[in-house]
Amino acid sequence: MAEVSSEVSLADVETAFRKFAVHGDTKATGKEMNGKNFVKLCKDCKVIDGKSVTSTDVDIIFSKVKVKSARAITFEQFTQAMAELATKRFKGKSQDEAVQLLYSLIAGKEPANVGVTKVAKASAVDRLTDTNKYTGSHKERFEVSGKGKGRVGREDIPDTSGYVSAYKGQGSYDSKVKEDE
């Protein structure tokens, strides 16, 4: 690990604590962090390295520092948990040095949205919504420009003009009457 040249301020760590505390919970105030978000903080900030600190260790330490009836920890309890994790994560370092190294991992971090569903690729969406490639009854629902026809394209609207269906000379009555006169 790289040595930290200056001490990380507790305010930076508290800012990261608040950001992780409200992650994924619309009702959270940022003053208390639940176990799920505590583990997420430890994973995202690389406190959990898989060797000396695992997610099980993080869960056990979370249970130790929280009040028995509570489901979340405050920032003070968080600092106690970090002190316990620091000695596990940075073996061979003094307590203060290990805590500072751990705080340097956490300071300024935000919850990462890894694994979140991405927007579909534009080429696939364009191909599926290209009205020129539609066939059958779907083709009848769109104009040449691609704009939908609305109700006209969806429903068979009866012709109430008075002419018999399939009559080819529709609208020619007036011209025929004038020819006969």
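**Chatting through helices, loops and two domains**

Reader: Okay, Lys-46 caught my eye. Is Lys-46 buried or exposed?

Author: Lys-46 is exposed, because its relative accessible area is 56%, and the cut-off for exposed is over 50%. Keep in mind that this is a predicted model.

Reader: Got it. Where is Lys-46 found?

Author: Lys-46 is in the loop between H2 and H3. Going along the chain, Lys-46 comes just after H2.

Reader: And what's up with the phi of Lys-46?

Author: Lys-46 has a positive phi of about 60 degrees, although Lys-46 is not a glycine.

Reader: Cool. Let's step back into H2 then. How many of the residues of H2 are buried?

Author: 7 of the 10 residues in H2 are buried, so the helix is mostly covered. The buried ones are Gly-35, Asn-37, Phe-38, Val-39, Lys-40, Leu-41 and Cys-42.

Reader: What covers the buried residues of H2?

Author: Quite a list! The cover includes helix H1 (10–22), strand E1 (33–34), H3, strand E2 (72–73), H4 and helix H5 (95–106).

Reader: Can we zoom in on one of the buried ones? Which helix is Val-39 found in, and what does Val-39 touch?

Author: Val-39 sits in helix H2, which runs over residues 35–44. If you skip residues up to four places away in sequence, Val-39 touches Ile-48, Ser-55, Val-58 and Asp-59.

Reader: Why does Val-39 count as buried?

Author: Its relative accessibility is 12%, and buried means under 20%, so Val-39 counts as buried.

Reader: Ser-55 and Val-58, hmm. At what angle do H2 and H3 pack?

Author: H2 and H3 pack at an angle of about 135 degrees, and their axes are 10 Å apart. From that angle, the pair is called oblique. The crossing of H2 past H3 is right-handed. On the H2 side the contact is made by Gly-35, Phe-38, Val-39, Cys-42 and Lys-43, and on the H3 side by Ser-55, Val-58, Asp-59 and Phe-62.

Reader: How many nonpolar, polar and charged residues are in that contact of H2 with H3?

Author: By class, there are 5 nonpolar, 2 polar and 2 charged residues.

Reader: Now for the next pair. How do H3 and H4 pack?

Author: Helix H3 (residues 55–65) and helix H4 (residues 75–89) pack at about 140 degrees, with axes 9 Å apart. H3 and H4 are oblique to each other, because only angles over 145 would count as roughly antiparallel. H3 passes H4 in a right-handed crossing. From H3, the contact is made by Asp-57, Val-58, Ile-61, Lys-64 and Val-65, and from H4 by Gln-77, Gln-80, Ala-81, Glu-84, Leu-85 and Lys-88. Sorted by class, this contact has 5 nonpolar, 2 polar and 4 charged residues.

Reader: Gln-77 is in there. Is Gln-77 buried or exposed?

Author: Gln-77, which is in helix H4, has 12% relative accessibility and counts as buried. Leaving aside neighbours within four places in sequence, Gln-77 is in contact with Val-65, Lys-66, Val-67 and Ala-72.

Reader: Changing topic. What domains does the domain assignment give?

Author: The assignment for the protein chain gives domain 1 (10–106) and domain 2 (123–178). Their centres, taken over C-alpha atoms, are 65 Å apart.

Reader: How far is Val-39 from Gly-148?

Author: Their C-alpha atoms are separated by 50 Å, and along the chain Val-39 and Gly-148 are 109 residues apart.

Reader: Let's look at a later loop. Where is Thr-131, and what does Thr-131 touch?

Author: Thr-131 is in the loop between H6 and H7. Not counting residues up to four places away in sequence, Thr-131 touches Phe-142 and Gly-146. Thr-131 is also 8.5 Å from Glu-143, C-alpha to C-alpha, with the two 12 residues apart in sequence. With a relative accessible area of 15%, Thr-131 is buried.

Reader: Last one: what about His-138?

Author: His-138 is partly exposed, at a relative accessible area of 47%. His-138 lies in the loop between helix H6 (122–128) and helix H7 (151–154). The C-alpha atoms of His-138 and Arg-154 are 8.7 Å apart, with their positions 16 residues apart along the chain.

How values were computed:
Residues are numbered from 1 along each chain as its sequence is written. This is a predicted model: local features need pLDDT of at least 70, side-chain atom pairs count only at pLDDT 80 or more; totals for chains, interfaces and linings use all residues. Side-chain values use heavy atoms; hydrogens and water are left out. Axes are lines fitted to C-alpha atoms, for helices over the stretch in contact, and angles run from 0 to 180 degrees between N-to-C directions. Helices (H or I, at least four residues) and strands (E, at least two) are DSSP runs, numbered from the N terminus. Angles under 35 degrees count as roughly parallel, over 145 as roughly antiparallel, 65 to 115 as roughly perpendicular and the rest as oblique. A crossing is left-handed if the near helix is turned anticlockwise from the far one by less than a right angle, and right-handed if clockwise. Contact means heavy atoms within 4.5 Å. Ala, Val, Leu, Ile, Met, Phe, Trp, Tyr, Cys and Pro count as nonpolar, Asp, Glu, Lys and Arg as charged, and the others, Gly among them, as polar. Buried means under 20% relative accessible area, exposed over 50%, partly exposed in between (1.4 Å probe, protein chains only). Domain bounds come from an automatic or database domain assignment.
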